[in-house]
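Good morning, and thank you for making time for this presentation. I would ask you to keep the sequence and the structure in view while I speak.

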Amino acid sequence: MAVFAPDDNRSRHVRLAVAAIMTLAVVVTAGAFVADPAESVPDPVAYDDTTELGLSSETDAMMAGNATLPRTQVFYSQLQYVVGYNGIGSFVTSLSDGRTERQFGYPLVAYVETFDHQNPDTTSDGLFTATGAGGWTPAEEAHYVVDSDVRMPAGEAVIPFRSRDAAESFAADYNGSVVGWESVRNRSFDVDSAATVRSLAPSRWQAANDRIARAERTANRPVSVVVGEDEPTIDAAVAAAPSNTTVVVPEGEYHETVTVNESVTIAGDGARISGDGNGSVVTVRAADVAIRGLRIDGVGNRTRDPEAAPTSKDEAWDANIQSGYGHGDAGIRAIAASGLVVDDVAIETNASGLLLREGSHAVVRDLRVDGSETWQDGFMGITGMESRVTVTDSRFEGGRDGIYLHRADGSIIRNSTFIDNRYGIHLMFTGDALVADNTARNELFAGVTVMTRPSGNAIVGNDVRNSSAGIQSSGTRTYIGYNTLVGNELGFSTSARGSLYEHNVVADNELGARATTIVPSSRVVANDFVGNENHAAAGAGALRVWANGDRGNYWEGANVGQQLFGERAYRPTSPVDSALHREASAVTVRESPAAVLLDRLRGTVPGARSGSIIDPIPASEPYNPERIDAVTGPDAEREGSVHADWRAELGSLTGEQDTTHENTTDQNTTNRNSARVGDYR
């Protein structure tokens, strides 16, 4: 049991918190009577100055020069930031989601982008297009074309105009109708969400099974050439083999490099190919090649080709990455080699193990890559450049990143192990991926990291321990669920926007979770926070409400004290609540009259909300007790992996069975101020 020691650092923090509570209670009481911010209506700003929600910037980039997405910018009563929505439907949906108003306050004014003088038209694919950015018009004053032949990349097309004549002219050309704001406000939009990504995760797992089955059929070919009997070297045998046949490589060590220009299978039986330490050992330049049962070493040390990288300042940053990273040495290098199969292969390298580029979509099973002892001296286990990869039952130890993928949408990485890398799994500009049931240990930076702003990724059922971070994922519409994050410096960060974090076990980390986005737009619900030094922290921004409907998260220590379950919210970012699971004295402070007063007033004034997290209804019991016991109990799996049966759980979910996943109205919505500018409700 924790003891209150007057000179102990933690106890000193609790005493300071008492003084802070008394002071803050006075400030909040005085601040509750400030002037209504709705009395002044701000002017629109440049859209680049907003904080974006809605579709990702990757979608915008794909549309650049071809299509236009109408945008909305909104000033909220409790945000100092202007929120930008890509798509009218994204904003309309937020008005009834039960969370946005609680966290942001009510909309002071919303402006929509109107296209009266921007030559509104459509692309050859039917997407809306206009010349230049539109003007800004208050949402309730605009006229909207709906139900037309015009398409949007996601959701229903709603095109705003300032004048009714312009709207009617466009509607006549594209078989639409013109409505006002009230009609748009009451429409239901099929906005793609993280819940959609969650529902797709089991089918992505099945997609991996299907790809592996096709790979098996591709690899099973009749034998045509046996090395040592029909040809003296592997390279000569591959050159002599007819397409769609197998080259058999008997056990032994072969000092050579191999180039594959035909659709053949190379089947080894414990054979080892050793290069001379210069360049790649096996280079594949044909479709539907299979490489099985080989051991590879003697790879060159070049990790990138500086001469291949663009030098112009006008070149995009990621083009430099593709040109540089995609032109290094590798155990197996594939160039425009779609349908590659790599099965039961082990590679020792200080460069890349497997390098895929130019559409070399591959299925990889039972690949082992042993990289350098220090990550600065090595490179990637798998480097994938614009090449979708399906990886299963593989192991990556040492080197820079276990798997690095760049613009490799639809990739699947599952059932694999990552040890002593910089990053275990590192995705850049890669969306619609599944990262599932992997194990990561001792990762210098993170077990799983997703950079840039892709969308639609599912990161599910992974076990990350003893690393700097468990999961750090940016982008939009990301589903992060059923992961087990133990003994890391940071469990996970909520860097992804419009995303869903649920059923993660976050135990014995220095920091369980960190809220990082300035404008919170994600749901964090049904997670278990146990034994962390600090359960959660938040950067600058609006209040984060980590709950959904009538369900919150389980926080060890949240329900100590005299209050009944559900009677008091839990704030993991407050100095008192954050100490409840560590300091017995914190319970006394929490029950003090000053703390009770502050509980009643907190949330009504923006100044008391910034940079904080609240769970209005913390769970009384853990959601995932078996997994918690597996990683923290007396018989904890210290070395083994713990993976949730998420496929069974997600496969059985319906809207009626689990409201954790539904857009239910938050029952704890902040009291609404009756004075509004524009009726956006």
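Tyr-482 is found in the loop between strand S35 (479-481) and strand S36 (484-486). Please bear in mind that the model before us is predicted. Is Tyr-482 buried or exposed? With a relative accessible area of 1%, Tyr-482 is buried, because buried means under 20%. The backbone of Tyr-482 also deserves attention: its phi is near 60 degrees, a positive value in a residue other than glycine. As background, most residues other than glycine have a negative phi.

A second residue belongs beside this one. Phe-429 is not a glycine either, and yet its phi is positive, at about 50 degrees. Where is Phe-429 placed? Phe-429 lies in the loop between strand S28 (423-428) and strand S29 (434-436). Phe-429 is buried as well, with a relative accessible area of 14%.

I turn now to another loop residue, Asn-509. Its place is in the loop between strand S39 (505-507) and strand S40 (511-515). The relative accessibility of Asn-509 is 2%, so Asn-509 counts as buried. What does the side chain of Asn-509 reach? It reaches the backbone nitrogen of Gly-487, at 3.3 Å. Gly-487 is also one of the residues that Asn-509 touches when residues up to four places away in sequence are not counted. Among the others are Leu-485, Val-486 and Asn-488, and the list continues with Gly-491, Gly-531, Asn-532 and Glu-533.

The next topic is charge. Side chains of opposite charge can pair when their charged atoms come close. How many salt bridges does a search of the whole structure find? The search finds 19 salt bridges. I shall describe a few of them.

In one of these, Glu-216 pairs with Arg-292, and the closest N and O atoms are 3.4 Å apart. This pair links distant parts of the chain, as Glu-216 sits in helix H7 (residues 194-219) and Arg-292 in strand S17 (residues 290-297), 76 residues apart. Glu-216 is partly exposed, with a relative accessible area of 25%, whereas Arg-292, at 19%, counts as buried. The cut-off explains the two labels: buried means under 20%, so a value of 19% qualifies and a value of 25% does not. Which residues are linked with Glu-216 and Arg-292 in a network of salt bridges? They are Asp-343 and Arg-365.

Arg-368 offers another case, since it takes part in a salt bridge with Asp-370 and in a further one with Glu-397. For Asp-370 and Arg-368, the closest N and O atoms are 2.8 Å apart. For Glu-397 and Arg-368, the distance from N to O is 3.3 Å. The pair of Glu-397 and Arg-368 again connects distant parts of the chain: Glu-397 belongs to strand S24 (residues 395-397) and Arg-368 to strand S21 (residues 362-370), with their positions 29 residues apart in the numbering. Each of the three residues counts as partly exposed: Arg-368 at 32% relative accessibility, Asp-370 at 28% and Glu-397 at 24%.

Strand S21 leads us to the pairing of strands. Strands of a sheet pair through backbone hydrogen bonds, either parallel or antiparallel. In which sense do S21 and S23 pair? They pair in the parallel sense, over 4 bridges, and Val-363 has Thr-390 in S23 as its bridge partner. S23 also pairs with strand S26 (residues 412-414), in the parallel sense and over 3 bridges. There, Val-391 stands opposite Ile-413 in S26. Within strand S23 (residues 389-392), Val-389 and Val-391 point one way and Thr-390 and Thr-392 the other way, and all are buried.

For contrast in pairing, I close with an open sheet of 3 strands, whose order is S9-S8-S10 and whose pairing is antiparallel. Which strands are at the edges? They are strand S9 (159-161) and strand S10 (177-179), each of which pairs on one side only. Neighbouring strands of this sheet are turned by 35 degrees against each other on average, direction ignored. Strand S8 (residues 143-146) and S9 pair over 3 bridges in the antiparallel sense, and Tyr-144 stands opposite Pro-160 in S9.

Thank you for your attention.

Key. Residues numbered from 1 in each chain as written. Predicted model: local features only at pLDDT ≥ 70, side-chain atom pairs only at ≥ 80, totals over all residues. Heavy atoms only, no water. Helix = DSSP H or I, 4+ residues; strand = E, 2+ residues; numbered from the N terminus. Buried < 20%, exposed > 50% of the residue type's maximum accessible area, 1.4 Å probe, protein only. Polar contact = N/O pair within 3.5 Å; in protein donor to acceptor, adjacent residues only side chain to side chain. Contact = heavy atoms within 4.5 Å. Salt bridge = Lys/Arg side-chain N within 4 Å of Asp/Glu carboxyl O. Pairing = 2+ DSSP bridges. Axes fitted to C-alpha atoms, helices over the stretch in contact; angles between N-to-C directions.
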